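Here's a quick walk through a protein model, with an eye on where its parts touch. Have a look at the structure first, then read on.

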Amino acid sequence: PQDPRVLDSMLPYLTAYYGNPHSRTHAYGWESEAAMEKARQQVADLIGADSREIIFTSGATESNNMAIKGVARFYKSRKKHIITTQTEHKCVLDSCRSLETEGFRVTYLPVKKNGLIDLKELEAAFQPDTSLVSVMTVNNEIGVKQPVHDIGEICRVHKVFFHTDAAQAIGKIPMDVNDMKIDLMSISGHKIYGPKGVGAIYVRRRPRVRLEPLQSGGGQERGLRSGTVPTPLAVGLGAACEVAQQEMEYDHKRISQLAERLVTKIMSEVPDVVMNGDREHRYPGCINLSFAYVEGESLLMALKDVALSSGSACTSASLEPSYVLRAIGTDEDLAHSSIRFGIGRFTTEEEVDYTVQKCIQHVKRLREMSPLWEMVQDGIDLKSIKWTQH
Amino acid sequence: VAVGDAVPRQVVDHYENPRNVGSLDRNAKNVGTGLVGAPACGDVMKLQVEVDENGRIVDARFKTFGCGSAIASSSLATEWVKGKTVDEALKIKNTDIAKELCLPPVKLHCSMLAEDAIKAALADYKLKQDPNKEESEKKA
């Protein structure tokens with residue numbers, strides 16, 4: 001949800017202050033421009049950047065597209081190779097796929113069973129013409145946190161740009177672009193209790209990262225992203241960043257407690273529950289659990305008044321189970337049994353307890369209805385069965 | 001989320017109040033058991049029928065690992081086979097199940113699996129009645 005403080009900051013720019021921030025010649029424009037620049041500084045402060053390095057976009061999807069396609073295309077005369085991972089967000093993977101049709105080569109690094117990349121494999125993947133490494137900071141499905149510090153170091157040594165999709169990390173864990181040697185970063189407004197429809201991209205100035213813009217036009221945002229910046233949304237993003245910076249420590253502590261509560265309660269009451277992704281290197285607010293012998297969508301139906309999601313095929317338009325779970329080596333039947341729980345700034349203890357109670361109740365009920373559970377109780381090894389083709 | 005813009009009321013009903021969940025004695029001669037699907041596909045249905053000496057299905061039970069539509073399809077299947085003869089039950093079509101439950105296109109495979117489950121249960125029952133006949137038919 002949007003933080004009420006964010007809404008407050010936006011309202012004047014949705015009502016009285018409607019000037020175009022790029023209009024240089026009148027007071028309406030100047031007011032809007034001032035607000036936009038203040039927002040830019042707020043975003044920069046959250047990540048230890050200079051405000052001149054922040055470009056407003058329509059969201060992290062656009063930022064990811066800009067980073068990957070923009071950098072690749074700018075340096076294409078000398079560099080044709082990109083490194084990324086198999087667990088990135090669809091927009092990253094799709095951008096890479098689209099570049100492959102343009103003649104670029106992409107290495108999609110596998111991940112270990114805990115969801116983290118192997119740094120040695122990253123080292124080995126560099127080629128003389130690698131222009132970019134893109135690895136997300138926190139994964140949106142399983143919550144694991146990649147070792148961005150180490151990745152940044154490695155990329156510096158190889159003199160390759162490091163881009164990270166930080167949509168799930170910003171404002172939740174401390175990020176510093178200099179500390180972590182990040183050259184490009186994608187930021188999402190609605191993931192940090194800001195408005196939908198806005199995001200930002202951080203583009204390093206020293207050493208200078210060049211990129212070919214995706215959007216042509218009047219040259220706004222340093223020529224990197226033409227189009228009128230939506231002042232109210234930018235203001236909202238800025239406010240969201242400032243609030244996040246203030247609340248980060250408290251939020252993290254509270255969310256960790258709630259997450260611990262949820263996982264402990266469920267696992268103590270229900271056997272055969274697996275947590276997907278590393279237990280340590282993670283953001284606590286994104287928990288992915290597999291409930292063996294129960295299919296994900298059927299469990300979600302019982303919890304329809306809670307906003308949850310599943311890696312089950314039944315919940316995807318393509319009927320394919322989650323590729324992230326497949327990448328970490330989850331057995332296919334456990335992929336179909338997975339549920340992602342998101343805990344945030346506004347999640348209450350009552351909500352967690354309600355979700356836990358309903359979850360336990362319905363897992364038990366669905367297991368009673370499950371032929372797989374029955375077979376396991378009878379001592380049958382499911383892996384020994386010859387299932388019918390369908 | 002392809003659960004549909006609103007999950008069909010009938011599917012919700014079968015999900016919240018499933019009919020005939022459970023098991024029959026698979027070793028009994030007049031019980032046919034069908035197990036179809038695969039965990040790797042996210043859909044497994046077990047359907048059992050109890051047939052009397054007149055070839056009429058007097059009881060049916062199901063257990064399903066699958067989404068709401070899969071559960072509803074197999075639950076409905078057990079309702080429909082009860083009271084039918086074996087041959088009548090073999091005529092149940094997945095399209096009828098899908099229509100009754102208002103399944104969206106993306107969920108049609110659930111109704112197909114339910115039809116497979118019925119056929120598998122009845123085939124198992126038939127095999128138990130006359131295994132020798134099946135054997136000689138296969139050889140011929």
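Which residues of chain B does UniProt list for "domain: NIF system FeS cluster assembly NifU N-terminal"? The unreviewed UniProt entry gives residues 10-129 of chain B.

## The annotated span

Keep in mind that this is a predicted model. Within it, residues 10-129 of chain B are 46% helix and 22% strand. The C-alpha atoms at the two ends of that span sit 36 Å apart.

## Where chain B meets chain A

On to the contact between the chains. Chain B brings 35 residues to it, and chain A brings 31. Together they bury about 2,700 Å², with carbon and sulfur atoms giving 65% of that area. Three residues stand out on the chain B side: B:Tyr15, B:Pro39 and B:Phe65 supply 25% of the area that chain B buries against chain A, more than any other three residues.

As for polar chemistry, there are four salt bridges between chain B and chain A. In one salt bridge, the side chains of B:Lys107 and A:Glu297 come together at 3.1 Å, N to O. The rule also finds 15 residue pairs in polar contact across this interface, both partners at pLDDT 80 or more.

Which elements of chain B each supply at least two residues to the side that touches chain A? They are helix H1 (9-16), strands E1 (31-38), E2 (43-51) and E3 (57-65), and helices H2 (68-81) and H5 (108-129). Sorted by type, the residues on that side of chain B come out as 23 nonpolar, seven polar and five charged.

## Inside chain A

Chain A itself splits into domain 1 (4-244) and domain 2 (248-384). Taken over C-alpha atoms, the centres of the two domains are 30 Å apart. Domain 1 of chain A puts 30 residues into the contact, and domain 2 of chain A puts in 21. The pair buries about 2,300 Å², 59% of it on carbon and sulfur atoms. A:Glu141, A:Ile142 and A:Tyr193 supply 31% of what domain 1 of chain A buries against domain 2, more than any other three residues.

How many salt bridges does the rule find between domain 1 and domain 2 of chain A? Zero. The rule does find eleven residue pairs in polar contact there, both partners at pLDDT 80 or more. On the domain 1 side, helix H1 (4-14), helix H4 (90-100) and helix H7 (231-269) of chain A are the elements that give two or more residues. That side of domain 1 of chain A divides into 13 nonpolar, nine polar and eight charged residues.

Technical notes:
Residues are numbered from 1 along each chain as its sequence is written. Chains are lettered from A and ligands numbered from 1 in the order in which they are written. This is a predicted model: local features need pLDDT of at least 70, side-chain atom pairs count only at pLDDT 80 or more; totals for chains, interfaces and linings use all residues. Side-chain values use heavy atoms; hydrogens and water are left out. Contact means heavy atoms within 4.5 Å. Buried area is the accessible area (1.4 Å probe) that two parts lose on being put together, summed over both. A polar contact is a pair of N or O atoms within 3.5 Å; within protein, one must be able to donate a hydrogen and the other to accept it, and residues adjacent in sequence count only if both atoms are side-chain atoms. Helices (H or I, at least four residues) and strands (E, at least two) are DSSP runs, numbered from the N terminus. Ala, Val, Leu, Ile, Met, Phe, Trp, Tyr, Cys and Pro count as nonpolar, Asp, Glu, Lys and Arg as charged, and the others, Gly among them, as polar. UniProt positions are given in the numbering used here, feature names are shortened, and annotations may be inferred rather than shown by experiment. Domain bounds come from an automatic or database domain assignment.
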